[in-house]
Every structure is written in structure tokens, then in C-alpha cells.
Amino acid sequence: MSETARADGGTEGAEERRDVVVVGGGPAGCAAAVFTARYGLDTVVFDRGPSSIRRCGYLENYLGFPAGIDIETFVTLAHDHVEQSGGDVVADTVESVERADGGFRVATADGRVVRAERVVAAAKYGGDPFLGLDEDAVEVVAHDGEKSERFDSAYADREGRTPTEGFYVAGPLAGVRDQALVAAGHGAGVGCAIVEDVRREAGYWEAVAAYYDWVRREENLTGEWAEREHWREYLAADAPEDVDEETFERVCEAYVDERFAQYRSPEERERLRSEGHERLAEYLDVE
């Protein structure tokens, strides 16, 4: 296989492996990537080409920006959030997505080839690379007397899952409203759905597969819920009868560790607040 060095340190024609490939770096794609990357899944977002968010002149109705925000700053914030969460954002166009070896083979315009366990389609104007995954994902439409094929937005369910295992759809391409805030919310839900599917595959039963990514107040961790043994008893009561002891112990320890790690002291929360304000100020043009 020919391997030509690229400016980004990669090699032309070389294959890389990722847990999650997100196609589209707008609100939906970035929101999904933040959740998968924060969970520890190796995530890359490909973002170049037609973009609905970049067609906006100014964003006036995105929650948290009372006076609105310009598109370039918004996109920069979204991409930086993905990278802060542990993911990568690559300026490249995905040209094809194919099933391969139980996962997917993703090829880009710049010669990248990525093998991924899961793929998220989050580009409203980029449905063509996915048409070959399943004939049921294709919708035939007529315009000015000519027929053409496009991605069927009804192919995904409300959480972005599709009949093609490992393939998800987020944002307007999934049929949600073409509004940045709505798309971001849907993308976040798709990211959570991916994490929950990963957990189920790892042996998590339904009661513990649900994923919550938030910071809790340490002062609320009181009473019996501050004791690991109480959590073990709680989880044992919900565990299905067919869960073997090794799986129960592994899932139980991971789940309790995860829950306890969410609780932060007042000092830690103050540090996070201060760092968050400082980071946000870096994006402002203050003269």
C-alpha cells in the first residue's frame, strides 16, 4: 500500500481505526461527538464541504447567547469543544461509506481511509455517501420531470438509530427541524444512544446502560447512597437473573466508580467555573 506523508502527519493511503466517525461538523455532529469522546470513544469529525450552519448570516436564537453569536465564532467553539472532549476535527470531505468487516470503511477526498465501528451521518447536504449502505435508506424524488435519489430522513428512529447496525443519523438529515439548537439537542441524544449501545455490548443491562454525563454537587452525596455497598445491593436487585458473576462485578464496579466521579466539591466546581469563564473570554474580541 502506498503511503505518502501528509502535512498533518498522516500518510496518504494508510488506514486508521476509530471507534466513531462523524460526518459533518455542525451543531448535530459536534454535539454527538462531544458525548462519544467524553465517554472515551475514539472519535473523529470530518467537516468540509456544503454546510447548512455556514449558510446562516448570524445565529440569534441559540440558547446561552442572548445577543446572538456570529457563525464563525460559533463553529470555532463547537469544534474546540469536540477537541477539548478528546475528539478530533478534520477538514476533509467524506466521499464514501461502506460496510466492511463488521464495521465501516470511510474514504475521504484527501485520501484518508478510516475503519470505524460506528458512523454518524450529520451533514444535511451530505447524504450521498450513505446511499449504498441499504436500499431502504434511498428515497426517489422527482424535480422538473427528472428523478433522483437522496437519503431518506425517515430511515432513522427518533434517537438516530437505523436498521444498519452501527450507523446513526443526527440533525436535519434525520428529519428534525432545521434549527441549530434543535439539531444540537438531537445530536447530543444520538451521542448518548451510541454510548448506551456500547455499554449494552459490554454487558450493561438496561437499568445501568442509560448514560448521564453531568456534574453533581458533592454535598448531595449523603446517607446510604454515599456507601458503595448500598449501590451494590441496589444494582443486584435490578440485575437480570442471567447475568453471570464476572459480568456483574465488572459492570457494578465501573458503574459505581462512574457515579461517584460525577460528584464534585464546592472548590472543584469553583475551579471549573473560573476556568470556563477564562476559556470563554479567549474567544471574545474585546478592545
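**Exercise 1. Find the acidic partner of Arg115 in this predicted model, and work out how buried or exposed each side of the pair is.**

Step 1: look around the Arg115 side chain. Glu15 forms a salt bridge with Arg115, and their closest N and O atoms sit 3.1 Å apart.

Step 2: place the two in the chain. Arg115 belongs to strand S8 (residues 113-121) and Glu15 to strand S3 (residues 15-23), so the pair links distant parts of the chain, 100 residues apart.

Step 3: check accessibility. Arg115 has 16% relative accessibility, and buried means under 20%, so Arg115 counts as buried. Glu15, at 37%, counts as partly exposed.

**Exercise 2. Which residue does Arg161 pair with, and is each of the two buried or partly exposed?**

Step 1: get the distance. Arg161 and Glu159 form a salt bridge, with 2.5 Å between the closest N and O atoms.

Step 2: classify both. Arg161 is buried at 18% relative accessible area, while Glu159 is partly exposed at 37%.

**Exercise 3. Start from Arg232 and trace the salt-bridge network it belongs to.**

Step 1: pick up the link to Glu253. The side chains of Arg232 and Glu253 meet in a salt bridge at 3.3 Å, N to O.

Step 2: locate the ends. Arg232 is in helix H5 and Glu253 in helix H6, 21 residues apart.

Step 3: extend through shared partners. Arg228, Glu229, Arg232, Glu249, Glu253 and Asp257 are joined into one network.

Step 4: zoom out. The structure holds 29 salt bridges.

**Exercise 4. How many disulfides are there, and what surrounds Cys30?**

Step 1: recall the chemistry. A disulfide is a covalent bond between the sulfur atoms of two cysteines.

Step 2: count. With a cut-off of 2.5 Å between sulfurs, the count comes to zero disulfides. For Cys30, the nearest cysteine sulfur is that of Cys56, 14 Å away.

Step 3: add burial. Cys30 is buried at 4% relative accessible area, and Cys252 is buried too, at 0%.

**Exercise 5. What is unusual about the backbone of Asp101, and where does it sit?**

Step 1: set the baseline. Most residues other than glycine have a negative phi.

Step 2: compare. Asp101 is not a glycine, yet its phi is positive, about 50°.

Step 3: place Asp101. It lies in the loop between strand S6 (94-100) and strand S7 (103-108), and counts as exposed at 73% relative accessibility.

**Exercise 6. Which residues form the negative surface patch, and where does Asp242 lie?**

Step 1: list the members. Glu241, Asp242, Asp244 and Glu245 make up the patch.

Step 2: place Asp242. Asp242 is in the loop between helix H5 (228-238) and helix H6 (245-261), exposed with a relative accessible area of 69%.

Terms used
Residues numbered from 1 in each chain as written. Predicted model: local features only at pLDDT ≥ 70, side-chain atom pairs only at ≥ 80, totals over all residues. Heavy atoms only, no water. Patch = residues over 30% accessible without salt bridge, like charges linked within 9 Å, V, L, I, M, F, W, Y side chains within 5 Å. Areas by Shrake-Rupley, 256 points an atom, 1.4 Å probe, with all protein chains shown as cover. Salt bridge = Lys/Arg side-chain N within 4 Å of Asp/Glu carboxyl O. Lys, Arg positive; Asp, Glu negative; His and termini not counted. Charge placed at Lys NZ, Arg CZ, Asp CG, Glu CD. Helix = DSSP H or I, 4+ residues; strand = E, 2+ residues; numbered from the N terminus. Buried < 20%, exposed > 50% of the residue type's maximum accessible area, 1.4 Å probe, protein only.
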